[in-house]
Amino acid sequence: MKSQYRVVVIGGGVVGSSVLYHLAKFGWNDVVMLERRRLASGSSWHAAGGIHALNADPNMAALQAYTIDLLSEIEKESGQNIGLHMTGGLTLAGTPERWEWLQSNYRVFQSIGIDDCELVSPEEAQKRCPIMSTDGVIGAMWADREGYIDTTGTVQAYATAAKMRGAEYYEETKVDALIQTTDGWIVRTDKGDITCEHVVNAGGLWAKQVGRMAGIELPVSPLKHHYLVTDTVPEVAAADFEMPMTVDLEGFTYMRQDQKGVLVGIYEIEHEHWAMDGAPWSYGEELFQEQLDRIENELTLGFARYPAIENVGIKTWVNGAFTFSPDGNPLVGPVAGKPGYWCACAVMAGFLQGGGVGKTLAEWMINGEPEADAWSMDVARYGKFAENKQYIKETTGQFYSRRFVMTYPNEQLPAGRPLKMAPAHTAMTDAGCKWGVSWDLEVPLYFASKGFEETPTLKRSNAFDIVGEECRHVREKVGTVDITGFSRYEVTGPRAEAWLDRIMASRLPGPGRARLAPMLAENGRLKGDLTIFNWGDGTWWIMGSYYLRAWHMRWFLDHIEDGVSIRDLGEEMAGFALTGPRSRAVIESLTDADIGALPFMGCGQYDIGLIRAHVARMSVAGELGYEINCRMGDHIKLRETLLTAGADHDLREYGFNAMLSMRLEKSFGIWSAEFRQEYTPGMTSLDRWIAWDKGEFIGRVAAMAERDSAGPAKVLRTLEVEATDADASGYEPVWENGALVGYVTSGGFGHTIGKSLALAMIDVDAADIGTKLTVHVVGEERSARVIDASPYDPAGSAMRG
Ligand SMILES: Cc1cc2nc3c(=O)[nH]c(=O)nc-3n(C[C@H](O)[C@H](O)[C@H](O)COP(=O)(O)OP(=O)(O)OC[C@H]3O[C@@H](n4cnc5c(N)ncnc54)[C@H](O)[C@@H]3O)c2cc1C
């Protein structure tokens, strides 16, 4: 072992080995992996080894598909047998809603290129898995690329292939401490110190402690998980093919063949955390005693699903632990404020996600950005609030117990909530507000009468008319919405303007003005869809999506310069927006200043009643509107002030659901849907805000190359969809004469134009206005048509008026 490397990967499980392999593959081979015991001695050795491409999160599904394709490659490259059994797999639907969900997901998988799936009848499913009972099964999805592997062999294959490409790994070498230096890290091990530029936390069950070695509290916890392996099952032994990997969602089990028996794994509703501060260092290749009382119900369902195993002995019980983040996705990427410290942990399904995690992290370290959008696994998707142990316990527990439970897009889950509430929360709840959550904050969805409960559904819910009424009221009269759930960053200092000019691709607004500003990465792809405010007193604000606060601050601080100071105002500021044709009359009644003269996209400080507010004239709904930002402590008073002044104008409160419907009618994109890290300004039409002639800014060279090229292959368009009882929501495939030409980025009902709408990323050849297309909405093919952007008020006269 040398005393200096470029990268030290801590942990020789499947994830660390994949990171090592991908670093070496992409050209960094001065890299070493350190393992305290033997390779795969954490969660990895006792995993069930199941692999399946399907995941309800399309980004994770794509990651899993990459990993599965990689497995045979590393087997070939390393010469190490990984025991790959590509049996194909079944996912069973046991309720009509689940069947609807499966049909809908089948289409989503087509959108993201997973095209080896088919929907099959219960009878066909049983033909492919003859040991299964079809009792209660309504339908199933078959996928070719599913099966299982030998876990230890797979870890060994990644590590061997990495070594063959020049990387090193050492077993029986424990990292005891990490010391940050000016240009990297000292890794203190029981075999001596190593200096390096980068460390990677691939500590698996010990990731928490490897985080704490660098002063980082990661939102991760191990939970226990059971599977059993049976003795020989006569029906399995007699079959001339292998049983497929079978997931019975309503039964909370997965099953695969294991020699001539089967392995049945259980996602226990009654979950159990273990070692929330990380596994003990003394923990080795051990298992827990099985806890039959905790899994009795799921076991009964499992035996009923596979009657062939009822009278067969159980050869092995495995009750082991693996790690979860609050949303079940991995924690990957650089940690803010700790240059050279990278995470590759909380990987719940290392054998089906580890390849993709390794690839993503290696690209990120080497190129500065991963190739695909890594948001759903980015460690910066959580803020400080997620360090709280109870938050971690509630959210990881909820995720685990619901792993096989269907979650509807309009369903509100309780774990870790309510946490942060804007001061007017109680008064708004009394007024009928129904809440959703963004990051740590409760955000208003809509206002309903007492006793109203929304029914979870994949289609239009019973809140449809309530939201419609809010939209119409805002467009015809005036509404107010709590906008605490927007992010606000204050930029000051002698170099503030120059710095903003460098990190934003747009021209900066003059004093007293605001401007939409795309922010780009060096590779010319999007980093933000922000709004810049020039308050005219040397103070600038950046506003964006609330849940991106830690992610954006990491980017800002990574690019900060002397003479610039940036502060996240998210804990200090709150606000309400006034929206609708009567909003000017309401706000004029609250101030002596000539606020009526404030132009569209103008901003300034005003006295609004008793409150000294930062006001900007703009609206996400595309109406005449004012965003009124106040101190957090003034939030209750601001609401009261607006409601009182608005009473004469029939002002009513509305929520984010109405706001989202109205922005769709204006074809206004939002982050994580129309705007993502993998998209470019040309694809999203954000290029119209780029100031090409202003000189240097981050991403200029790449953006210019796109501008001067033949143009992007895919572009964002607005579609009108002939849907009746459901609307598109995201990732549904878009077809032209049966050929896949794109996918929906977001969709919904435009209540004031009375049409189902979708924004979609589609091939330029299919993007002409009027092109006839189809879109699958909740599994059903619907006619659609490309229409001009902004079907509501295309000239923008409402918001400019
Ligand atoms: C019962 C069960 C069934 C499962 N079934 C599946 C399945 O079917 N499919 C699937 O994909 N996944 C499955 N999993 C999950 C899978 O096991 C994990 O996702 C995966 O093992 C995580 O790998 P890892 O490399 O992140 O962590 P680990 O395997 O825990 O590896 C971390 C390694 O880091 C080492 N380490 C930690 N700290 C240090 C230090 N300070 N110095 C040196 N070394 C250190 C540890 O010794 C360990 O070897 C299952 C898990 C369990 C428990």
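**Figure 1. Backbone contacts to the ligand.** A backbone N or O atom of Val14 lies 3.2 Å from an oxygen atom of the ligand. Everything in these views comes from a predicted model, so please read each distance as a computed value. Look next at Leu205, where a polar backbone atom is 3.3 Å from an oxygen atom of the ligand. Ala349 also takes part through its backbone, with a polar atom 3.5 Å from a ligand oxygen. How much of the ligand's area does the protein bury? The ligand taken alone exposes 1000 Å², and 98% of that is buried by the protein.

**Figure 2. The shell around the ligand.** Here the view takes in the elements that give two or more residues to the shell: helix 1 (14-25), strand 12 (221-230), strand 16 (314-324) and helix 9 (350-367). Which element gives the largest share? That is strand 16, with 4 residues. Of the 41 residues around the ligand, the ones that come nearest are Glu35, Ser44, Gly50, Val347 and Gly350. Sorted by class, the shell holds 22 nonpolar, 16 polar and 3 charged residues.

**Figure 3. The second largest cavity.** Searching the whole structure turns up 2 cavities of 30 Å³ or more. The second largest has a volume of about 50 Å³. To find your way around its lining, start with Val481, Ile483 and Phe486, then look for Ala577 and Thr579. Ser619, Val620, Ala621, Glu627, Tyr654 and Met659 also belong to the lining. How do these lining residues divide by class? There are 8 nonpolar, 2 polar and 1 charged.

**Figure 4. Thr484 and its partner His635.** Thr484 sits in the loop between strand 21 (479-482) and strand 22 (486-492). Is Thr484 buried or exposed? Its relative accessible area is 2%, so Thr484 is buried. The side chain of Thr484 is joined to that of His635 by a polar contact of 3.2 Å.

**Figure 5. Two residues with positive phi.** Neither panel shows a glycine: phi is near 50 degrees in Glu172 and near 45 degrees in Val778. Glu172 belongs to the loop between strand 8 (168-170) and strand 9 (175-181). Val778 is found in the loop between strand 36 (772-777) and strand 37 (780-787). How accessible is Glu172? Glu172 counts as partly exposed because its relative accessibility is 39%. Val778 has a relative accessibility of 11%, so Val778 counts as buried.

**Figure 6. A cis peptide bond before Pro418.** If you are checking the backbone by eye, pause at the bond from Arg417 to Pro418. This peptide bond is cis, with omega near -15 degrees. Where is Pro418 found? Pro418 is in the loop between helix 10 (389-401) and helix 11 (425-430).

**Figure 7. Arg507 and Ala517.** Arg507 lies in the loop that runs between helix 13 (496-503) and strand 23 (513-520). With a relative accessible area of 38%, Arg507 is partly exposed. Arg507 and Ala517 are 10 residues apart in sequence, while their C-alpha atoms are 7.7 Å apart in space.

Terms used: Residues numbered from 1 in each chain as written. Predicted model: local features only at pLDDT ≥ 70, side-chain atom pairs only at ≥ 80, totals over all residues. Heavy atoms only, no water. 1 Å grid on protein atoms, 1.4 Å probe; cavity = no way out; pocket = protein on both sides within 12 Å on 5 of 7 lines; lining within 4 Å. Points joined across faces, edges and corners; volume = space filled by probe spheres on them. Nonpolar A, V, L, I, M, F, W, Y, C, P; charged D, E, K, R; others polar. Near = heavy atom within 4 Å. Polar contact = N/O pair within 3.5 Å; in protein donor to acceptor, adjacent residues only side chain to side chain. Areas by Shrake-Rupley, 256 points an atom, 1.4 Å probe, with all protein chains shown as cover. Buried < 20%, exposed > 50% of the residue type's maximum accessible area, 1.4 Å probe, protein only.
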